[in-house]
Amino acid sequence: MAAELSTSINIKEPRWDQSTFVGRAKHFFTVTDPRNILLTNEQLAHAHKIITDYREGIVSPGLTEDELWRAKYVFDSAFHPDTGEKMILIGRMSAQVPMNMTITGCMMTFYKTTPAVLFWQWINQSFNAIVNYTNRSAALALMPHVSPLIGRFVPFAAVAAANCINIPLMRQRELQHGIPIMDENDNRLGESSKAAQQAISQVVVSRILMASPGMAIPPFLMNHLEKKAFLRVSTPHHFRFLFFSLVFATPLCCALFPQKSSMSVSRLEPELQEKIRANHPGVERVYFNKGL
């Protein structure tokens with residue numbers, strides 16, 4: 001008989017080394033796997049039971065290490081890491097590829113009139129607001145007068161600008177009250193607004209770069225191809241390009257910064273620095289969940 005699985009595996013952390021980009025990429029390819037949105041409530045409940053049991057030192061009979069990690073990522077794909085609540089379906093990171101593919105494709109297709117641009121930006125930012133909340137720890141008027149190539153970049157510029165506003169707005173409570181910071185052993189040291197600023201800045205950069213392959217590259221390609229009468233680019237081809245771009249861009253851009261981010265104690269608020277140095281004199285760096 002196979003030996004029972006050890007209870008010493010640290011499933012609080014990702015399976016792969018998060019100090020390397022490759023390790024973070026492997027992690028986020030799993031986190032953003034769009035197949036996870038097809039999981040049934042029964043499958044989610046099964047993964048939930050495996051993980052909650054394992055955290056209490058109970059190992060399901062016959063459970064292998066690979067099955068444990070699979071259950072962890074299924075669990076993480078649907079349940080909030082802090083509250084443990086099941087997240088709304090379209091707010092999950094596994095919904096990013098199909099949702100962004102659909103919304104971005106429509107933005108890139110219906111960009112020639114101001115009403116169309118405004119409508120799809122509203123749809124896009126409504127979706128972003130849901131994602132940001134779920135995962136919380138004048139160019140438009142000039143459209144008819146600009147060149148077709150410049151016009152194609154308006155959706156990307158709008159998305160980039162909106163992300164710079166939307167994400168901090170949806171996470172303003174974190175900026176006002178701070179986010180939990182821990183030492184390397186996960187001992188809570190307090191809450192820091194400075195850490196929240198760094199976390200949100202990293203998420204904004206990741207989200208803008210996430211949109212780049214699907215919204216910044218196609219304008220050049222499509223503008224060139226559509227000048228040739230025999231190479232008209234159809235909407236289905238555009239959606240296929242977006243799908244393959246997002247499949248890779250979403251996890252790779254999420255992996256740019258460690259999920260468990262960190263900063264020097266010297267960069268924290270002065271009063272928090274004093275508190276940490278008085279009560280935890282050996283701590284030089286603090287850690288926090290940056291969110292997605």
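The crossing of helices H4 and H5 is left-handed, and it is a good place to begin exploring this predicted model. H4 covers residues 96-109, and it packs against H5 at an angle of about 160°, with the two axes 9 Å apart. Angles over 145 degrees count as roughly antiparallel, so H4 is roughly antiparallel to H5. On the H4 side, the contact is made by Gln96, Met99, Asn100, Ile103, Cys106 and Met107, while H5 brings Trp120, Gln121, Ile123, Asn124, Phe127 and Val131. Sort the residues of this contact by character and you find eight nonpolar, four polar and no charged.

Let's stay with H5 for a moment. This helix runs over residues 114-134, and its 21 residues should span 30 Å at 1.5 Å a residue; the end C-alpha atoms are indeed 30 Å apart, so the expectation and the model agree. Which residues of H5 are buried? They are Ala116, Val117, Trp120, Gln121, Asn124, Gln125, Phe127, Asn128, Ala129, Val131, Asn132 and Thr134.

Now move back along the chain to another pair of helices. H2 (residues 41-55) and H3 (residues 65-78) pack at an angle of about 115°, with their axes 8 Å apart. Because angles of 65 to 115 degrees count as roughly perpendicular, H2 is roughly perpendicular to H3. H2 passes H3 in a left-handed crossing. Here H2 supplies Gln43, Leu44, Ala47, His48, Ile50, Ile51, Tyr54 and Arg55 to the contact, and H3 supplies Leu68, Ala71, Lys72, Val74, Phe75 and Ala78. The residues of this contact divide into ten nonpolar, two polar and two charged.

H3 can be checked with a ruler too. At 1.5 Å a residue, its 14 residues should span 20 Å, and its end C-alpha atoms are 20 Å apart, which agrees. The buried residues of H3 are Leu68, Trp69, Ala71, Lys72, Tyr73, Val74, Phe75, Ser77 and Ala78. What do these buried residues pack against? Their partners are H2 and helix H1, which covers residues 21-31.

Finally, take a look at a loop. Asp186 lies between strand S1 (179-182) and strand S2 (188-192). Most residues other than glycine have a negative phi. Asp186 is not a glycine, yet it has a positive phi of about 70°. Is Asp186 buried, exposed or partly exposed? Its relative accessibility is 38%, so it counts as partly exposed.

Conventions
Residues numbered from 1 in each chain as written. Predicted model: local features only at pLDDT ≥ 70, side-chain atom pairs only at ≥ 80, totals over all residues. Heavy atoms only, no water. Axes fitted to C-alpha atoms, helices over the stretch in contact; angles between N-to-C directions. Helix = DSSP H or I, 4+ residues; strand = E, 2+ residues; numbered from the N terminus. Parallel < 35°, antiparallel > 145°, perpendicular 65-115°, else oblique. Left-handed = near helix turned anticlockwise from the far one by under 90°. Contact = heavy atoms within 4.5 Å. Nonpolar A, V, L, I, M, F, W, Y, C, P; charged D, E, K, R; others polar. Buried < 20%, exposed > 50% of the residue type's maximum accessible area, 1.4 Å probe, protein only. Expected span 1.5 Å × (residues − 1).
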